[in-house]
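Grab a pencil and work through a few short exercises on the model shown here. Try each task before you read its solution.

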Amino acid sequence: MTVVAIGSIPLILVLGNSMLIPVLPEMQKELGISQFQVSLVITVFSVAAAVSIPILGYLSDRFTRKAIIIPALVLYGTGGLLAGLAASWFTSPFLWIMIGRVMQGVGAAGTAPIAMALTGDLYKGGQQSKVLGLVEASNGFGKVISPIIGSLLALLFWYAAFYAFPLFCLVSILLTLFFVKEKKQKKEPPPFGKYFKGLLTVFKNEGRWLFTAYLAGATCLFTLFGILFYLSDVLELQYKIDGIPKGAILAIPLLVMTTTSYITGSKIGKNMALMKKLIIIGLGLMTISFSTLMFFESLVPFISILVISSVGTGLVLPCINSLITGSVSSSKRGFVTSLYGSVRFLGVAIGPPIFGWLMAWSRSGMFLITASLTLVVGLLCIALIHVKKKKPNETADDSLFNKLQLT
């Protein structure tokens, strides 16, 4: 039940964006706004989260993980309720929806990244990688079911998804309260000055590979949400597919990614060499998929090739999660994993508007640029993440920083 409780936290986070993707075309029509404005529904949520995550990560290191997660979930649910009430009662609700989405974004900052740090606190060794794989799979499972849930709720009224957020948050709050038992801190946290100097040392010594890992995670989320935004638009405008069928089609690549994430997380353990290989293979599959998609417009071949990129994403994310979560001591883990979450959110934030602009410019150009990005990130991972050979006196609890080196 502890794993279920931890897994519910990133699940709530994912619903914040993915559940609204099928609703965006209807929202645009009902509110009379532009495609760029409707993409802001995703972007403001993600930018607010990206800005807030480092702050909440620091606070989770100062206090406890639960002391941040539970109020964050409350704020998240409240923001959804505000957006729903605005859509129900106001003649011009767009501004209030944006305010509600900002509140949700700030709340989201205290969910998945802190859950990763919490996992690092509670589990060690191969068990940690397995639980992190489950957390990423939960994240992916949320992406799978959320378009379907969003499409079902939209059958009631287009803003029904906003009212669902408080209910989902309540379930996660209760699970976290009753089933997550944190270890009491044995000593007082260091003052901010000492804490900050420690972080500077971490990034000075390990910054190149760490930021490369951050970039790889952000790239996966950028391409994922960008392609989903594109696919949602095409399904409705070109194929006239809406409602539950649309949600089910959007769920196909996400289901493949989730399954791959779960299998990857359960198999990698603490095998650093395997993690690096899977990251490179995953980015390679994404490059192949995106560079091929421009030649296919028919729906079935398009989806069939798109799932290749989903396999790649499912290989990359659990490995990146394990590298970053196990890289520092628990006293700084909240900030380091939160900064990773912040970068991931920026990837989500810029995905829809950039893909919206690229769609208007050139479909082929959109896929070529996306493929070039994943190729460059893959080459950076090859160059900057090096795995040291394991020494006989190393133990399973050794920091990953002792096992990774930079060129």
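**Exercise 1.** Work out whether Met-1 is buried or exposed, and find the surface patch that holds this residue.

*Solution.* Start with the relative accessible area of Met-1, which is 53%. Buried means under 20%, exposed over 50%, and partly exposed in between, with a 1.4 Å probe and protein chains only, so Met-1 is exposed. Next, place the residue: Met-1 sits in the segment before helix H1 (2-18). (Helices are DSSP runs of H or I with at least four residues, numbered from the N terminus.) Now look at the patch: Met-1 joins Val-4, Leu-170, Leu-174, Leu-177, Phe-178 and Phe-179 in a nonpolar patch on the surface, and together they have about 670 Å² of accessible area. Helix H8 (residues 160-179) gives the largest share, five residues.

A patch like this takes residues with over 30% relative accessible area and no salt bridge, and joins nonpolar side chains (Val, Leu, Ile, Met, Phe, Trp, Tyr) within 5 Å. A salt bridge is a side-chain nitrogen of Lys or Arg within 4 Å of a carboxyl oxygen of Asp or Glu. Areas come from the Shrake-Rupley method with a 1.4 Å probe.

A quick note on the model: it is predicted, so local features need pLDDT of at least 70 and side-chain atom pairs pLDDT 80 or more, while totals for chains, interfaces and linings use all residues. Residues are numbered from 1 along each chain as its sequence is written, and side-chain values use heavy atoms, without hydrogens and water.

**Exercise 2.** Find how many cavities of 30 Å³ or more there are, and describe the largest cavity.

*Solution.* A cavity is a set of points on a 1 Å grid where a 1.4 Å probe fits but cannot get out; lining residues have an atom within 4 Å of a point. The count is five. The largest cavity has a volume of about 240 Å³. Of its 19 lining residues, Leu-13, Ala-112, Asn-139, Arg-344 and Phe-345 are the closest to the centre. Sorted by kind, the lining of the largest cavity has twelve nonpolar, four polar and three charged residues.

**Exercise 3.** Say what is unusual about phi at Lys-240, and where this residue is found.

*Solution.* Begin with the general rule: most residues other than glycine have a negative phi. Lys-240 is not a glycine, yet its phi is positive, about 55°. The residue lies in the loop between H9 and helix H10 (243-268). Finally, Lys-240 has 66% relative accessibility, so it counts as exposed.

Notes. Patch = residues over 30% accessible without salt bridge, like charges linked within 9 Å, V, L, I, M, F, W, Y side chains within 5 Å. Helix = DSSP H or I, 4+ residues; strand = E, 2+ residues; numbered from the N terminus. 1 Å grid on protein atoms, 1.4 Å probe; cavity = no way out; pocket = protein on both sides within 12 Å on 5 of 7 lines; lining within 4 Å. Points joined across faces, edges and corners; volume = space filled by probe spheres on them. Nonpolar A, V, L, I, M, F, W, Y, C, P; charged D, E, K, R; others polar.
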